[in-house]
Amino acid sequence: MRISSLQTQNRNRVNLEELHALSSAYGKKMQSKEIILMVGFPALLLGTFVCLLTYYWFTVIPAVVLGAIYGYRIILPKIVKRRYESQSLLARNKFMNNMTQVMSDPNRTVNQSIDYVLSRTNGELHKELKELLTSLAVGSDPERVTELIYQFGKKYQEDNLFNQFLEQLETTIHEGKTNIEAMQDLTEHHNDMLQKRNDFFKLKDQHLGGVKLLSIIIVGLILMLHMTSYMMSGGMEMYMSGFAHNIIGYICVSIFIPSYLYVLHGFINNYFDDSVMEVQVKTKK
Amino acid sequence: MDSANNVSEPKRNGYLKLIPEKNLYELREMNNSMQDILMWEKRNVRRAVLFILVFGIFGVLIDFRFAFLGIVFAVLDGRNQFKKVSLVYQQFRFERQLQFFKFARLLIPLLKQTGDGVNLNAIFIRLVNRMPHDIDKNLLQKLITDMSYYSEDFYPFEVFANQMSGSENSVLFMQTLFDLDQGALDLTVIERLGQIASKEMMSGIDQIIAFKERKFSLLYTKILMSVVVLMFGFGISIVVYQIGEMGIFF
């Protein structure tokens with residue numbers, strides 16, 4: 001399944017089966033516990049904020065529902081997509097490394113090498129490689145080989161190095177001689193790229209930790225406002241009628257909640273932007 | 001050559017005089033036709049006029065000072081538009097460089113494949129269909145036609161490098177390619193090309209990561225700014241509440 005066909009934001013509903021299929025492309029199935037967590041957490045967070053700031057049931061319930069919908073429609077597909085892409089990238093990296101090792105034996109043809117490494121791959125890539133191998137075995141006139149390799153690599157177009165590696169394989173099939181240096185070079189770069197990607201992930205996780213901590217601190221601050229009220233007037237009266245159920249509070253909360261959510265939404269979009277080979281830029285005005 | 005070389009040539013009359021030289025150059029570089037730029041600038045002017053009109057009406061009805069506010073908004077909006085052009089242009093350059101690396105990496109296996117006697121024309125024709133964007137396809141097609149027109153001249157290669165990427169390394173790359181076209185039959189040249197391209201590719205990845213990291217830079221400030229509103233509001237509410245407690249009503 002092509003990942004870009006999963007444009008959940010533009011569609012009205014998320015197909016849960018589609019997500020299941022995607023998440024099980026490399027063996028591991030999505031657990032219902034995870035779904036509940038990912039839907040529940042944003043709902044709880046937003047609910048807590050709105051509850052502590054307004055104390056109206058008719059604002060809390062929409063907030064909880066909104067949080068749940070956000071988690072289900074936006075966060076959940078992104079998590080599934082990220083896991084799929086990571087697993088797929090790792091599978092490709094493993095394939096490239098294995099293939100380079102096996103191809104360094106000049107007596108092996110490409111078909112034999114693919115056959116040899118086939119047992120070490122798993123999941124979706126395994127299936128696709130099997131199909132490729134069968135098609136290659138049927139007939140291998142040059143145009144057909146080019147077309148087959150192109151079709152195989154088309155799905156992973158954003159992984160530039162992998163596609164170049166496939167081109168090297170194609171060249172080897174055509175020419176009959178191994179250009180092992182180029183393949184080693186590409187594999188090495190792919191490993192480097194993976195390493196850089198991991199570093200990038202670590203950095204993003206640090207930011208995620210920061211945002212989590214800051215959110216907890218904000219909840220703490222709001223609780224401290226309650227405390228202030230308690231200490232200054234001996235009850236919740238000051239907080240409730242002076243702030244929460246007052247025009248000043250309405251204005252502040254209606255500025256704070258949307259702007260906080262706006263920043264958070266931007267952060268989530270950047271956090272799940274994993275590709276290190278591509279940057280989404282509008283080149284048209 | 002249409003875009004890059006003719007940039008300062010078009011007559012700048014009427015609306016186009018309003019666009020700063022730098023922004024006009026950037027817009028032209030991004031393959032916008034003069035017609036489109038004119039339309040864009042007309043839209044900007046229309047919006048500015050709308051601002052001034054709406055606030056002018058307010059000024060007549062409520063307070064004349066609103067009219068000045070309209071002018072301020074119009075100027076700010078116009079400046080914002082130009083700033084946006086520069087921002088998009090930076091990203092555009094970056095994207096172009098990336099596309100050039102991709103082109104280079106696609107080219108190298110094909111060069112190696114030919115072995116002896118490099119026929120760049122045939123290779124480029126094969127490459128045209130594999131280029132991901134239409135702009136690049138057009139540029140490459142133009143290079144193919146120009147190559148036969150200006151044979152034994154570096155000029156078309158240079159134009160291609162400048163239009164596609166504009167970086168120093170891309171010109172160097174095209175220079176090596178030109179030498180290859182002129183009959184330098186040394187495989188180490190191709191090897192070197194490959195090394196240039198992959199080095200650029202890796203630095204491209206670094207750049208992308210740095211670019212994406214920068215998006216996180218103002219994160220905490222933004223969140224804290226939104227909290228400040230809350231704190232400030234609570235402070236005011238305390239004051240108002242205490243005054244209310246004392247029995248003074250507004």
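Two residues are in contact if their C-beta atoms, placed from the backbone, lie within 7 Å. I keep that cut-off in mind for what follows. I also note that this is a predicted model.

**Entry 1: the domains of chain B**

I started with chain B, which is divided into domain 1 (14-92) and domain 2 (94-213). I looked up how they meet. Four residues of domain 1 of chain B are in contact with four residues of domain 2 of chain B. On the side of domain 1 that touches domain 2, I find one nonpolar residue, three polar and no charged. The C-alpha centres of domain 1 and domain 2 of chain B lie 38 Å apart.

**Entry 2: the make-up of each chain**

Next I listed the elements. Chain A has ten helices and zero strands. Chain B has nine helices, again with zero strands. Read from the N terminus, chain A therefore gives me nothing but α-α-α-α-α-α-α-α-α-α.

I then checked burial. In chain A, 28% of the 285 residues count as buried. In chain B, buried residues make up 25% of 250.

I also checked how far along the sequence the contacts reach. For chain A, I took contacts between residues at least 6 apart; 62% of them join residues at least 24 apart. For chain B, I took contacts with a separation of 6 or more; residues 24 or more positions apart account for 54% of them.

**Entry 3: where the chains touch**

How many residues of chain A are in contact with chain B? I find 45 residues of chain A in contact with 39 residues of chain B. Helix 7 (160-175), helix 8 (180-233), helix 9 (237-244) and helix 10 (247-271) of chain A each supply at least two residues of that side of chain A. Helix 8 of chain A gives the most, with 14 residues. By class, the side of chain A that touches chain B holds 22 nonpolar, 15 polar and eight charged residues.

**Entry 4: helix 5 of chain A and two partners**

Two packed helices are described by the angle between their axes and the distance between the axes. I looked up both values for two pairs.

The first pair is helix 3 (residues 57-103) and helix 5 (residues 123-138) of chain A. They pack at an angle of about 50°, with their axes 8 Å apart. Helix 3 and helix 5 of chain A are therefore oblique to each other. From helix 3, I noted Gln87(A), Ser88(A), Ala91(A), Arg92(A) and Phe95(A); they meet Gly123(A), Glu124(A) and Leu125(A) in helix 5. I sorted the residues of this contact into three nonpolar, three polar and two charged.

The second pair is helix 5 and helix 6 (residues 142-154) of chain A. Their axes come within 11 Å and cross at roughly 175°. Angles over 145 degrees count as roughly antiparallel, and helix 5 and helix 6 of chain A are therefore roughly antiparallel to each other. Here Glu128(A), Leu132(A), Ser135(A) and Leu136(A) in helix 5 meet Val145(A), Leu148(A) and Phe152(A) in helix 6. This contact has five nonpolar residues, one polar and one charged.

**Entry 5: the nonpolar cores**

Which residues have the most contacts inside the largest nonpolar core? They are Phe165(A), Ala104(B), Phe160(B) and Met174(B), in a core of 46 residues. Helix 3 (residues 65-114) of chain B gives the most to this core, with eight residues. Apart from it lies another core of 27 residues, including Val50(A), Phe243(A), Cys252(A) and Tyr260(A).

I followed up on Ala104(B). Leaving aside its neighbours within four places in sequence, Ala104(B) is in contact with Phe173(B) and Ala197(B).

**Entry 6: two residues of chain B**

I picked Phe157(B), which lies in helix 6 (residues 155-164) of chain B. Is Phe157(B) buried or exposed? Phe157(B) has 22 other C-beta atoms within 10 Å, so Phe157(B) is buried. Not counting residues up to four places away in sequence, Phe157(B) touches Met174(B), Leu177(B) and Phe178(B). I also looked up Phe100(B), 57 residues away along the chain; the C-alpha atoms of Phe157(B) and Phe100(B) are separated by 13 Å.

Then I turned to Leu180(B), in helix 7 (residues 168-181) of chain B. Leu180(B) has 18 other C-beta atoms within 10 Å, so Leu180(B) is partly exposed. Leu120(B) is 60 residues from Leu180(B) along the chain, and their C-alpha atoms are separated by 8.5 Å.

Notes: Residues are numbered from 1 along each chain as its sequence is written. Chains are lettered from A and ligands numbered from 1 in the order in which they are written. This is a predicted model: local features need pLDDT of at least 70, side-chain atom pairs count only at pLDDT 80 or more; totals for chains, interfaces and linings use all residues. Helices (H or I, at least four residues) and strands (E, at least two) are DSSP runs, numbered from the N terminus. A residue is buried if 20 or more other C-beta atoms lie within 10 Å of its own, exposed if 12 or fewer, and partly exposed in between; C-beta atoms are placed from the backbone. Ala, Val, Leu, Ile, Met, Phe, Trp, Tyr, Cys and Pro count as nonpolar, Asp, Glu, Lys and Arg as charged, and the others, Gly among them, as polar. Axes are lines fitted to C-alpha atoms, for helices over the stretch in contact, and angles run from 0 to 180 degrees between N-to-C directions. Angles under 35 degrees count as roughly parallel, over 145 as roughly antiparallel, 65 to 115 as roughly perpendicular and the rest as oblique. A nonpolar core is a set of buried Ala, Val, Leu, Ile, Met, Phe, Trp, Tyr and Cys residues joined through C-beta atoms within 7 Å. Domain bounds come from an automatic or database domain assignment.
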